[in-house]
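Let's walk through this model together, starting from a single residue and working outwards. Keep the viewer open as you read.

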Amino acid sequence: MKLPRNDNFVLQPVRGLVRPELSCHGAPMHWTLLFIAAALEVVWAVGLKSTHGFTRLWPSIYVIAAMAVSMWLLALAARGLPIGTAYAVWTGIGAVGTAIFGMVLLNEPASATRLLCIALIIGGVVGLKFSAH
């Protein structure tokens, strides 16, 4: 069975299902998937607090779902990016996003040292993105 194809997206049958298969030319798509995965990492990291140690059902379900989708998107992004870069960017964005969320909405401390460390992480993420290929 022949399926449609373009430069960035190929559909391939997998045991009766159709799944997206990203081509080597899809680097912007891989970065997009990685940034979405990182945003979901922030969601689940912040959501952990509302699970009360996974003792509350619905918050726990949401957090576990966000974790699963975040990891899946990271795996898809890693198909077209070096794994070291993909993982470092994913964790960096997650760490920075979670820290900023905590400072802005949860009244966590925003000391100069903490902000400097966040800036260093951002610098590392940007450096990794531009040195990936």
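Is T51 buried or exposed? T51 is buried, because its relative accessible area is 1%, where buried means under 20% relative accessible area, exposed over 50% and partly exposed in between, with a 1.4 Å probe and protein chains only. Before going further, some ground rules: this is a predicted model, so local features need pLDDT of at least 70 and side-chain atom pairs count only at pLDDT 80 or more, while totals for chains, interfaces and linings use all residues. Residues are numbered from 1 along each chain as its sequence is written, and side-chain values use heavy atoms, with hydrogens and water left out.

Back to T51, which is found in helix α1. Helices here are DSSP runs of H or I with at least four residues, strands are runs of E with at least two, and both are numbered from the N terminus. Leaving out residues up to four places away in sequence, T51 touches R56, P59, S60 and V63; a contact means heavy atoms within 4.5 Å. One of those partners, P59, has its place in helix α2. P59 counts as buried too, because its relative accessibility is 15%. Beyond its neighbours within four places in sequence, P59 is in contact with S50 and T51. P59 also sits 8.0 Å from L48, C-alpha to C-alpha, with their positions eleven residues apart in sequence.

Now for the loop between α1 and α2, which is where you'll find F54. Its phi is near 60°, a positive value in a residue other than glycine. F54 counts as partly exposed, because its relative accessibility is 42%. N107 also has a positive phi without being glycine, near 55°, and it lies in the loop between α3 and α4 (112-130). N107 is exposed, because its relative accessible area is 71%.

Time to zoom out. The chain has four helices and two strands, and reading along the sequence gives the pattern β-β-α-α-α-α. Of its 133 residues, 29% count as buried. The chain exposes about 8,400 Å², and carbon and sulfur atoms supply 71% of that; the areas come from the Shrake-Rupley method with a 1.4 Å probe, and for residues only the protein chains shown count as cover. Among contacts between residues at least 6 apart in sequence, 52% join residues at least 24 apart.

How do the helices pack? Two packed helices are described by the angle between their axes and the distance between the axes. Here the axes are lines fitted to C-alpha atoms, for helices over the stretch in contact, and angles run from 0 to 180 degrees between N-to-C directions. For α1 and α2, the axes come within 8 Å and cross at roughly 160°. These two helices are therefore roughly antiparallel to each other; the labels are roughly parallel for angles under 35 degrees, roughly antiparallel over 145, roughly perpendicular from 65 to 115, and oblique for the rest. The crossing of α1 and α2 is left-handed, meaning that the near helix is turned anticlockwise from the far one by less than a right angle, with clockwise giving right-handed.

The axes of α1 and α3 also come within 8 Å, but they cross at roughly 40°. That makes α1 oblique to α3, and the crossing is right-handed. Residues making this contact include W31, L34, A38 and E41 of α1 and V89, W90, I93 and G97 of α3. For α3 and α4, the axes come within 9 Å and cross at roughly 150°, so these helices are roughly antiparallel. The α3 and α4 crossing is left-handed. Among the residues that meet there are V89, I93 and V96 in α3 and L115, I118 and I122 in α4.

Finally, the core. In soluble globular proteins, nonpolar side chains tend to be buried together. A nonpolar core here is a set of buried Ala, Val, Leu, Ile, Met, Phe, Trp, Tyr and Cys residues joined through side-chain atoms within 4.5 Å. The largest one has 15 residues, and W31, L34, L74, L81 and W90 have the most contacts inside it. Helices α1 (27-51), α2 (57-78) and α3 (83-105) each supply at least two residues of this core, with the largest share, five residues, coming from α1. Try centring your view on W90: not counting residues up to four places away in sequence, W90 touches L34, A37, A38, E41, S70, M71 and L74.
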